[in-house]
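Dear colleague,

Please find below the structure that I am handing over to you. I would be grateful if you could keep it open while you read the notes that come after it.

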Amino acid sequence: MTRIAVVEREKCNPEGCGDFLCIRVCPVNRMGEECIVKSEGKVAINEELCTGCGICPHRCPFEAISIINLPEELDQDPIHRYGQNGFHLYNLPTPIFGKVVGILGKNGIGKSTAIKVLASILKPNLGKDKEADYDSLIDYFKGSEAQIFFEKLKEQKIKVAYKPQQVELIPKTQKGTVKDLLKKVDEKKELDKISRLLSIDKILDHNIKDISGGELQRVAIAATVLKKANLYIFDEPTSYLDIKQRLKVAKFIKELADENTAVLVVEHDLIILDYMTDLVHLMYGKPSVYGIVSLPKTTKAGINVYLSGFLREQNVRFRDYEIRFETKPPTPKRSDHILTSWQGITKKFGSFSLKADKGEIFKDDVIGILGENGIGKTSFVRILAEQAKPDKGQVDTKVTVSYKPQYLEADSDELVMTVLQKAITKYTNQLINPLDIKPLLMRKLSELSGGELQRVSIALCLGNDAQLYLLDEPSAYLDVEQRLRLGKIIGEFIEQKGASALIVDHDLLFIDYISKDLIVFDGEPAISGECKGPFNMETGMSMFLKDLGITFRRDEESHRPRTNKLDSVKDREQKKKNKYYYS
Ligand code: SF4
Ligand code: SF4
């Protein structure tokens with residue numbers, strides 16, 4: 001069995017643990033050998049001497065050490081290791097010409113490392129101290145599709161174009177208008193066509209620093225495909241996009257693959273991943289410690305395996321529960337207790353007008369809210385949260401509300417522990433532990449990543465005493481695993497509290513998983529929006545999907561929703577029966 005010892009150097013704090021605690025407790029060190037040694041102010045572990053007794057990872061107060069016994073089947077060297085006791089990556093996803101290949105897994109599991117290797121940004125070291133040459137890589141992958149890929153890479157026959165994950169960083173390095181930026185990379189001379197296809201033709205003269213997150217995402221995608229390449233890699237191409245835009249981008253990416261072009265995509269929205277890819281690689285392991293890339297599977301099978309949490313061939317359980325979906329639309333058990341209601345609301349925000357006729361929220365309900373960007377969802381939520389007053393109409397305000405905004409601000413130097421005092425005291429088991437906030441407690445808010453801040457904000461919102469919880473885009477920045485876990489956490493929390501929740505989100509699988517009822521927003525972005533509902537899931541989803549012109553069926557195995565291929569037999573049948581949600 002292969003054993004690896006990983007030290008997360010940023011977590012290791014020898015002063016905080018009482019002067020190299022691990023060195024003092026390691027039984028091998030106590031016998032006089034140098035199993036754990038000091039190294040540049042932190043520690044290093046000699047894997048040859050380590051017996052795997054498990055004492056040091058257990059005793060380190062900062063969870064900086066992981067001693068892992070890898071699955072026996074994994075009898076190979078890593079494709080890359082970040083130095084002694086650093087993150088190990090095993091295997092690589094394989095780009096295939098003519099196909100869109102997806103990568104599915106948690107954050108921190110090595111997706112970006114794998115992409116960088118394929119894009120030739122990072123030269124892998126095969127777990128050794130120096131970079132491997134192409135011949136050793138070809139040898140490493142002998143007999144697999146990856147062998148062909150590295151042979152082509154060696155012959156310089158692969159040209160890669162890569163869309164990075166964090167599009168919000170683009171304005172920091174790029175100046176000028178959208179058109180200036182795209183012109184610089186337009187090797188194909190297709191700027192007009194691609195801008196139209198991605199609906200950014202109307203913002204070409206806008207300055208990069210003034211455009212929204214969703215626009216920036218589409219500009220980044222355009223900049224990638226305007227380059228002449230035969231391997232296109234997209235790291236999270238749907239963040240900041242609403243569902244209409246997600247579907248459009250998914251269709252666009254799908255159509256890129258042909259016999260001379262391979263496409264790789266990392267995506268956390270499972271409905272979109274399902275829609276756009278032919279094959280997927282699952283990635284599993286322990287974040288920041290090691291990641292293993294599975295062999296490719298058909299997308300349908302791969303997503304089902306992912307939801308089941310168990311990889312049969314490798315005999316690996318990577319989640320201790322299975323994600324299940326309802327086979328039928330849930331028939332919500334309505335309590336008769338109306339929590340809040342509204343009537344005849346109208347509100348003008350500049351030139352945008354919002355309307356919400358009549359609706360009510362019952363106790364014990366989780367209501368999803370769907371609609372395009374710029375159509376008034378957040379404004380409506382703010383009216384319910386009493387952060388904005390309607391011009392006309394009224395909201396029953398006898399309800400206490402806790403609100404998590406869409407955009408999270410974190411310029412404060414306060415510690416997470418201070419901010420979450422209430423949640424820590426009352427809900428350690430319901431919120432702090434399942435949201436994995438413990439490792440963040442001693443960090444400052446201003447130091448958190450997008451996903452970490454999102455989890456803290458959710459705990460903060462749910463930790464407040466309230467009857468109605470309003471969460472605006474809670475899935476943003478979260479990886480697929482965290483989204484699914486969040487669905488479970490919110491559902492259980494609301495049920496235990498006997499409260500209700502409104503969840504605005506663009507990830508349809510997440511909404512399908514979490515909601516009992518649905519509110520749908522209709523209208524024209526930036527001009528007018530109308531709030532309709534709440535409806536039961538079948539009515540609400542049908543209304544929403546009809547507007548998008550797509551139909552959903554249930555996967556026979558996992559019962560998750562899947563998009564029917566446009567104009568397929570099922571799509572036509574369901575449209576004829578006016579059943580857009582379930583067949
Ligand atoms: Fe201390 Fe943990 Fe670092 Fe060892 S790994 S020196 S126990 S902080
Ligand atoms: Fe020492 Fe290895 Fe035991 Fe840690 S797990 S205390 S390094 S023998």
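The following paragraphs set out what was found in this structure, which is a predicted model.

I begin with the nonpolar cores. The largest of them has 119 residues, and L182 and Y469 are the residues with the most contacts inside it. Domain 1 (3–69) and domain 2 (338–548) both contribute residues to this core, so it lies between them. Leaving aside residues up to four places away in sequence, L182 touches L191, S195, I200, L204, V219, A222, A223 and L226. There is also a second, separate core of 32 residues, and V101, L122, A132 and F141 are among its members. As general background, nonpolar side chains in soluble globular proteins tend to be buried together.

Next, the sheet. An open sheet is formed by 9 strands, in the order 19-16-17-24-23-18-22-21-20, with mixed pairing. Its edges are strand 19 (392–395) and strand 20 (401–404), each of which pairs on one side only. From one strand to the next, the twist averages 15 degrees. Within this sheet, strand 17 (residues 352–362) and strand 24 (residues 528–536) run parallel and are joined by 4 bridges. Should you wish to locate this pairing, L354 stands opposite G529 in strand 24.

The aromatic residues form a further topic. The count of aromatic pairs comes to 11. One of them joins Y140 and F141 in an edge-to-face arrangement, with 4.8 Å centre to centre and 75 degrees between the planes. As to accessibility, Y140 counts as partly exposed because its relative accessibility is 23%, whereas F141 is buried, with a relative accessible area of 5%. Another pair, Y284 and F318, is stacked: the centres are 6.2 Å apart and the planes stand at 25 degrees. This pair links distant parts of the chain, 34 residues apart, with Y284 in strand 11 (residues 279–286) and F318 in the loop between strand 15 (316–317) and strand 16 (338–349). Both Y284 and F318 are buried. In addition, Y140 and F141 belong to one aromatic cluster together with F149 and F150.

Two members of that cluster, F141 and F150, are also contacts of L92. L92 is found in the loop between strand 6 (88–90) and strand 7 (100–105). Is L92 buried or exposed? With a relative accessible area of 2%, L92 is buried, because the limit for that class is under 20%. Not counting residues up to four places away in sequence, L92 touches I79, A114, V117, L118, F141, F150, H281 and V293. By way of contrast in position, L92 and V401 are 309 residues apart in sequence and 47 Å apart in space, C-alpha to C-alpha.

Three of the residues touched by L92, namely A114, V117 and L118, bring us to helix 4. Of the 8 residues of helix 4 (residues 111–118), 6 are buried, so this helix is largely enclosed by the rest of the structure. The buried residues are K111, T113, A114, I115, V117 and L118. Just after helix 4, S120 takes a positive phi of about 60 degrees.

Yours sincerely

Note on methods: Residues are numbered from 1 along each chain as its sequence is written. Chains are lettered from A and ligands numbered from 1 in the order in which they are written. This is a predicted model: local features need pLDDT of at least 70, side-chain atom pairs count only at pLDDT 80 or more; totals for chains, interfaces and linings use all residues. Side-chain values use heavy atoms; hydrogens and water are left out. A nonpolar core is a set of buried Ala, Val, Leu, Ile, Met, Phe, Trp, Tyr and Cys residues joined through side-chain atoms within 4.5 Å. Buried means under 20% relative accessible area, exposed over 50%, partly exposed in between (1.4 Å probe, protein chains only). Domain bounds come from an automatic or database domain assignment. Contact means heavy atoms within 4.5 Å. Two strands pair if DSSP finds at least two bridges between them. Helices (H or I, at least four residues) and strands (E, at least two) are DSSP runs, numbered from the N terminus. Axes are lines fitted to C-alpha atoms, for helices over the stretch in contact, and angles run from 0 to 180 degrees between N-to-C directions. Rings of Phe, Tyr and Trp (its six-membered ring) pair if their centres lie within 6.5 Å; planes under 30 degrees apart count as stacked, over 60 as edge-to-face and the rest as tilted.
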